[in-house]
Amino acid sequence: MREIAVDANLSHPTARQAAIRAAKREERVAWQLAAPAIILIIALILLPTLAVFVFSLTNYELGYDDFQFIGLDNYIELFSDRTFLISLQNTAVYTAIVTPFSVFIGLGVALLIEGETRGRAFFRTVYFLPVASLLVAMATVFQYLLHPTIGPVNAMLSMLGIAGPNWLGSSSTVLISLAIIGIWQSVGFNMVLFLAGLTAIPRELYAASEVDGAKSSWERFRLVTWPMLGPTTLFVTTISVINAVKVFETVKTLTEGGPNKASEVLLWTIYQEGFVYLRVGYASAMTVIFLAFLIVLMLIQYRVLDKKVHYT
Amino acid sequence: MSAFALRNISKSYGSNSILDDVSIEAEEGEFIALVGPSGCGKSTLLRIAAGLDHGDTGSIWMGNREITAEHPADRNVSMVFQSYALYPHLTAEQNIAVPLAMRKLSTLQRMPFLGRFMAGRAATQAAIKQQVLTTATSLKIDHLLDRKPGQMSGGQRQRVALARALVRQPGVFLMDEPLSNLDANLRVHTRAEIVDLHRRTGVPTIYVTHDQSEALSMADRVAVMMGGKVLQFASPAQIYDDPRHIEVAKFVGSPRINIINAVTSENGRVFFAGKSMIEGVTGPVGTAVRLGIRPERIRLKPEGADGIAATVSRLEFLGSEVLVTTDVAGTEDGIVVKAAPADVAHLAAGSPVMLQVDKDACLVFGDDGLRVPLRNPVRVAVDA
């Protein structure tokens, strides 16, 4: 042992060379092992994103052979494009409705299921069904349910003496109707995530809170459940925001952005520009804006909030 | 009237009996240890005492007040958990303050933001802060008050958990293996601190542990539990010297008590290896009995002396003493002797020795495991 220590102190040339060689070998192996993943990330994520960014600086339209770089013209046009601005606003409103409701209803359902031993598997499955079902197929069901004249929702409302609105057909209610469908679809997923978070809370914390004087379940929720679910809630909120911003299927199948652009949302606008009007350059600029929004949201959530929900 | 009592508690899950008619009581200022192997029901009993679990039968008393049906929050008990169960999102100070805040502040006053504007909150909170500081100082953790549990060592967390239990004067302290997550050194140290703390506060304490040495060294009285029953509830000295059941004798003491199978002869004599070990054992001649002999009650003598012939099979040097395991004809596991290092310096594995058992050292147990009474008490039970 002592001789080795002395060698190291004198930085014996051969020993140092051996160490450098070993480090280089290790580095080479590391790159080799990481290479498949790196290549896939570049080919499937980074290059397409870069391509979208490059397209966004051109006037490329699908079917034309030729295109010019037009700098930031697409972006300048975007911010005076009434449809795009309405679309941004509608997406924000939709997200602002769907996220809190789907998070808190998901949490509530998870707490109810967790609190009851009987039928746990049954309720878990039932609430998860909308997640597993095809939204495009389910949209026809909602179209029937929310139909102004033959729909059961308005039929029930009229029994209570309320004249139901034209849910999907009126510009004042269409966004709310879509939001309700969005909430219906995402509650189950959030519930499953919350259930997983709940099982991770140590039972002894609840015991301690009871002995410490938390008599009501609300007090135990405030003292133990809510703080301990912090990381789960952050994750669920993030996922819910992303999913809400990406709303498309219900808009495509039920409203096509109407009536009068009242359900015009980002992805729908991008789809229209890119695949209907074939203005790839312009649609790419929208996509870049859309991506930028998501990245900013993620940064806020993981840079700022993450510190507040992890306690160790 | 005892300060805290559990009377005739039974509990079973289906046909699986967890607790069978268990009664334990603690006098004012008494330290009670519940000790037993895992699964003996001691933790369940403690949870029932706290109100976190409920027995099928039996009652729980705090002085002359029955609290069987009361919510844990109303029982005026405080509890220290094995995992400490500190709230990870709160600082040490906030953790210790929880039991006070829950009791002294109304729900409205505890509301976030809104609570700040409720009348009387500031004064109560200042009082709580002061009380937390006093408790923390007495446990020497006042410098940790701003830290969260994740930033503390196991020993520090354990003190915060103790402080949280201590901060309000409870009617009884319940401790569920509070030391088992600490390393060996800290465990012995904290053991003494808990006993000191108990002396200072005088709050009756029920302490659950699976470690018999912890139970014997800390408690005024020890309840040895096995299979959901209390086999013996007595002072540590009685538990050790005068066990009522062979399982108690086997559970306490390290190294374990030597057990020898034998049969009674006339006059209640019991012979082993041709030597009379004890006389005056009651019951008919020819009864199978088991003799229990503590390792420190056997002397090693040189070959040729009077005694039981044995061969040394293993020597374990423990510093102040040496454990000598010997092979003896007629025993399965041999006989272990605790000896002074100087006395066994000349011995090695394979050395022949003679074993002399102290005159009154034999504890006699029947087939059912219970102690067999002696006709003429050979030795008087040690008084606590």
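Chain B is split by its domain assignment into domain 1, spanning 4–241, and domain 2, spanning 255–365. Keep in mind as you explore that this is a predicted model. From the C-alpha centre of domain 1 of chain B to that of domain 2 of chain B is a distance of 42 Å. Chain B also meets chain A, with 16 residues of chain A in contact with 20 residues of chain B.

**Chain B as a whole**

- If you trace the fold of chain B, you will find 8 helices and 20 strands.
- Along the principal axes, a box of roughly 90 × 45 × 35 Å holds the C-alpha atoms of chain B.
- Chain B has 384 residues, and 40% of them count as buried.
- Take the contacts in chain B between residues at least 6 apart in sequence: 65% of these join residues at least 24 apart.

**Where chain A touches chain B**

- The meeting of the two chains involves 16 residues on the chain A side and 20 residues on the chain B side.
- Two helices of chain A, α9 (203–211) and α10 (217–228), each supply at least two residues of the side that touches chain B.
- Of the elements on this side of chain A, α9(A) gives the most, with 6 residues.
- By residue type, the side of chain A that touches chain B is made up of 10 nonpolar, 2 polar and 4 charged residues.

**A good place to start looking**

- To find the contact with chain B from the chain A side, begin at α9 (203–211) of chain A, which gives 6 residues to it.
- To get your bearings in chain B, locate domain 1 (4–241) and then domain 2 (255–365).

Definitions and conventions. Residues are numbered from 1 along each chain as its sequence is written. Chains are lettered from A and ligands numbered from 1 in the order in which they are written. This is a predicted model: local features need pLDDT of at least 70, side-chain atom pairs count only at pLDDT 80 or more; totals for chains, interfaces and linings use all residues. Two residues are in contact if their C-beta atoms, placed from the backbone, lie within 7 Å. Helices (H or I, at least four residues) and strands (E, at least two) are DSSP runs, numbered from the N terminus. Ala, Val, Leu, Ile, Met, Phe, Trp, Tyr, Cys and Pro count as nonpolar, Asp, Glu, Lys and Arg as charged, and the others, Gly among them, as polar. A residue is buried if 20 or more other C-beta atoms lie within 10 Å of its own, exposed if 12 or fewer, and partly exposed in between; C-beta atoms are placed from the backbone. Domain bounds come from an automatic or database domain assignment.
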